[in-house]
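Here are my notes on this model, as numbered points. Please read them beside the coordinates.

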Amino acid sequence: LMEMQIEVITASDASTALDLLQQTPKIDAALIDIVLPGNLNGRQLANRLEAEYPSFRVAFMSGYTENAIIHNARLDEGVILLQKPFSRKNLALVLNRLFNKGNDPRGVQAVRDKS
């Protein structure tokens with residue numbers, strides 16, 4: 001991410017992420033793993049972030065095919081998902097969708113490597 005000229009702040013769990021967000025002047029978006037240690041999973045963290053900051057953008061990553069955002073083999077509306085393991089190219093694609101160059105990033109979008 002840093003090689004892509006993106007300033008990166010990392011957190012090992014949802015509580016740390018929420019604390020960092022309050023301490024950091026401007027964070028535009030987050031790439032959140034679905035499975036996190038602690039009391040909140042990635043979807044719950046995203047819900048809290050989006051409730052507090054309505055224009056906040058979130059993409060998820062996961063190594064699991066069944067998780068908190070996939071239901072009946074379908075992603076929830078508005079979800080951007082990067083399936084692990086992922087290539088640098090697919091990471092860049094998800095970031096492009098996340099920041100979406102002025103367009104609405106909502107809509108179902110999944111990116112996984114074809115291997």
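Where does Pro85 lie?

1. Pro85 sits in the loop that runs between strand E5 (80-83) and helix H3 (88-99). Check the backbone here. The peptide bond from Lys84 to Pro85 is cis. Its omega is near -10°. Bear in mind that this is a predicted model, so the cis bond is a computed feature of that prediction.

2. Now the overall layout. The protein chain holds three helices and six strands. Along the sequence they come in the order α-β-α-β-β-β-β-α-β. Contacts reach far along the chain. Take those between residues at least 6 apart in sequence: 55% of them join residues at least 24 apart.

3. Next, burial and surface. The protein chain has 115 residues, and 37% of them count as buried. Its accessible surface comes to about 7500 Å². Carbon and sulfur atoms account for 49% of that surface.

4. Which residues touch the most other members of the largest nonpolar core? They are Ile32, Leu45, Leu49, Phe56, Val58 and Phe60, out of 16 residues in that core. Four elements each give two or more residues to this core: H1, strand E1 (29-33), helix H2 (42-52) and strand E2 (57-62). There is also a second core, separate from this one, with nine residues. Ala29, Met61, Ile80 and Val94 are among them.

5. Look at Ile6 in the segment before H1. Is Ile6 buried or partly exposed? Its relative accessible area is 23%. The cut-off for buried is under 20%, so Ile6 counts as partly exposed. Leave aside the neighbours within four places in sequence, and Ile6 is in contact with Leu1 and Leu95. Ile6 and Leu95 are 89 residues apart along the chain. Their C-alpha atoms are separated by 9.8 Å.

6. Val8 is also found in the segment before helix H1 (14-23). Why does Val8 count as partly exposed? Its relative accessibility is 33%, and partly exposed covers the range between the buried limit of 20% and the exposed limit of 50%. Val8 joins Leu1 and Met2 in a nonpolar patch on the surface. Together the three residues have about 280 Å² of accessible area. Leu1 thus appears twice in these notes: in this patch and as a contact of Ile6.

Terms used: Residues numbered from 1 in each chain as written. Predicted model: local features only at pLDDT ≥ 70, side-chain atom pairs only at ≥ 80, totals over all residues. Heavy atoms only, no water. Patch = residues over 30% accessible without salt bridge, like charges linked within 9 Å, V, L, I, M, F, W, Y side chains within 5 Å. Areas by Shrake-Rupley, 256 points an atom, 1.4 Å probe, with all protein chains shown as cover. Salt bridge = Lys/Arg side-chain N within 4 Å of Asp/Glu carboxyl O. Buried < 20%, exposed > 50% of the residue type's maximum accessible area, 1.4 Å probe, protein only. Core = buried A, V, L, I, M, F, W, Y, C linked by side-chain atoms within 4.5 Å. Contact = heavy atoms within 4.5 Å.
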